[in-house]
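Colleague: I'm new to this one. Can you walk me through it?

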There are 2 protein chains.
Amino acid sequence: MSMDPIETNPESYKVVFENDQVRVLEYLDQPGHLTKPHQHPDSVMYTLSSFSRRLHANNTTRDVEIASGTTSWLSAQIHAGENIGSTDTHVIFVELKNASSLTTDIGPQI
Amino acid sequence: MSMDPIETNPESYKVVFENDQVRVLEYLDQPGHLTKPHQHPDSVMYTLSSFSRRLHANNTTRDVEIASGTTSWLSAQIHAGENIGSTDTHVIFVELKNASSLTTDIGPQI
């Protein structure tokens, strides 16, 4: 079963750019949306909306609240994400193709 | 003389994130602004505004017009950029630290 988010949740993820070094994804959902479990490589995340999310991984959860216009690092990880706020989640992910690590930790974000 | 844009044009470029794999810059200027010549490594560019710019490199110029919300690739290059439109230029650059090439071509953007 693919853990690529564009396959697990094509309604929310779309590829907006790709070459041999990066793949860039745009993510958009609405309040109440829950993704299937999926895998991110090491990525830069840039938020285009403010949102509240619950991250599910390793049989635990962590809630995060992030402001629009925030740049952060998403270490390689497997998780599911749930929009628990009242706003859309709108995010750009720049995935690094040279990423090497894969963890199941809940990272800082989406 | 440094060609790092945060040194050539600190009024417009700021570092919003950095680790061993990437550096992320936010760029903001106003109509009429002209940068000094500076160098970009291979980077992903995401536009937060729509703008018109004139790129100066290799004793030539090229004009570009880019819509807000556009993701594109900026190959390693040296150039100066001039805001020739009526809107601010507001852009996020994700610089890749594993970038190898350096050209003086005028790339597709800023």
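**Two chains and their sheets**

Colleague: How many residues of chain B are in contact with chain A?

Modeller: Two residues are in contact if their C-beta atoms, placed from the backbone, lie within 7 Å. By that rule, 16 residues of chain A touch chain B, and the number on the chain B side is 16.

Colleague: Before we go on, how far does the pLDDT of chain A support us, on average?

Modeller: This is a predicted model, where local features need pLDDT of at least 70, side-chain atom pairs count only at pLDDT 80 or more, and totals for chains, interfaces and linings use all residues. Residues are numbered from 1 along each chain as its sequence is written, while chains are lettered from A and ligands numbered from 1 in the order in which they are written. The pLDDT is the predictor's confidence in each residue, from 0 to 100. In chain A, 89% of the residues reach 70 or more, and the mean is 92.

Colleague: And what is the ipTM of the model?

Modeller: Two scores come with the model. The pTM is 0.90 and the ipTM is 0.89.

Colleague: Which elements give two or more residues to the side of chain A that touches chain B?

Modeller: Elements here are DSSP runs numbered from the N terminus: helices (H or I, at least four residues) and strands (E, at least two). Chain A has one helix and nine strands, in the order α-β-β-β-β-β-β-β-β-β from the N terminus on. Those giving two or more residues to the side that touches chain B are S1, S2, S4 (43–47), S7 and S9 (89–96) of chain A.

Colleague: How many residues on that side of chain A are nonpolar?

Modeller: Ala, Val, Leu, Ile, Met, Phe, Trp, Tyr, Cys and Pro count as nonpolar, Asp, Glu, Lys and Arg as charged, and the others, Gly among them, as polar. On the side of chain A that touches chain B, one residue is charged, five are polar, and the nonpolar ones number ten.

Colleague: Which relation links chain A to chain B?

Modeller: Two copies of a chain are related by a rotation about an axis and a shift along it. Here a rotation of 180° with 0.0 Å of shift superposes chain A on chain B, at an RMSD of 0.0 Å (a least-squares fit on the C-alpha atoms of residues with pLDDT of at least 70 in both). So the relation is that of a two-fold axis.

Colleague: Which residue of chain A has its C-alpha nearest the axis?

Modeller: The copies meet through the same surface, because 100% of the interface residues of chain A are also interface residues in chain B. In chain A, the C-alpha nearest the axis lies 4.0 Å from it and belongs to Val94(A).

Colleague: Which strands stand at the edges of the open sheet in chain A?

Modeller: Two strands pair if DSSP finds at least two bridges between them. The open sheet has five strands with antiparallel pairing, in the order S1-S2-S9-S4-S7 (chain A). A strand with a single partner has one side left without a neighbour in the sheet, so the edges are S1 (13–18) and S7 (71–74) of chain A.

Colleague: What is the bridge partner of Glu26(A) in S9(A)?

Modeller: S9(A) pairs antiparallel with S2(A) over eight bridges and with S4(A) over five. On the S4(A) side, Thr47(A) is matched with Val91(A). For Glu26(A), the partner is Ile92(A).

Colleague: How many of the eight residues of S9(A) are buried?

Modeller: A residue is buried if 20 or more other C-beta atoms lie within 10 Å of its own, exposed if 12 or fewer, and partly exposed in between, with C-beta atoms placed from the backbone. Over chain A, buried residues make up 35% of the 110 residues. S9(A) is mostly covered, and its buried residues number seven.

Colleague: Where is Asn58(A), with its positive phi?

Modeller: Most residues other than glycine have a negative phi, and most peptide bonds are trans. Asn58(A), though not a glycine, has a phi of about 55°, and it counts as exposed because it has 12 C-beta neighbours inside 10 Å. Its place is the loop between S5 (51–57) and S6 (60–66) of chain A.
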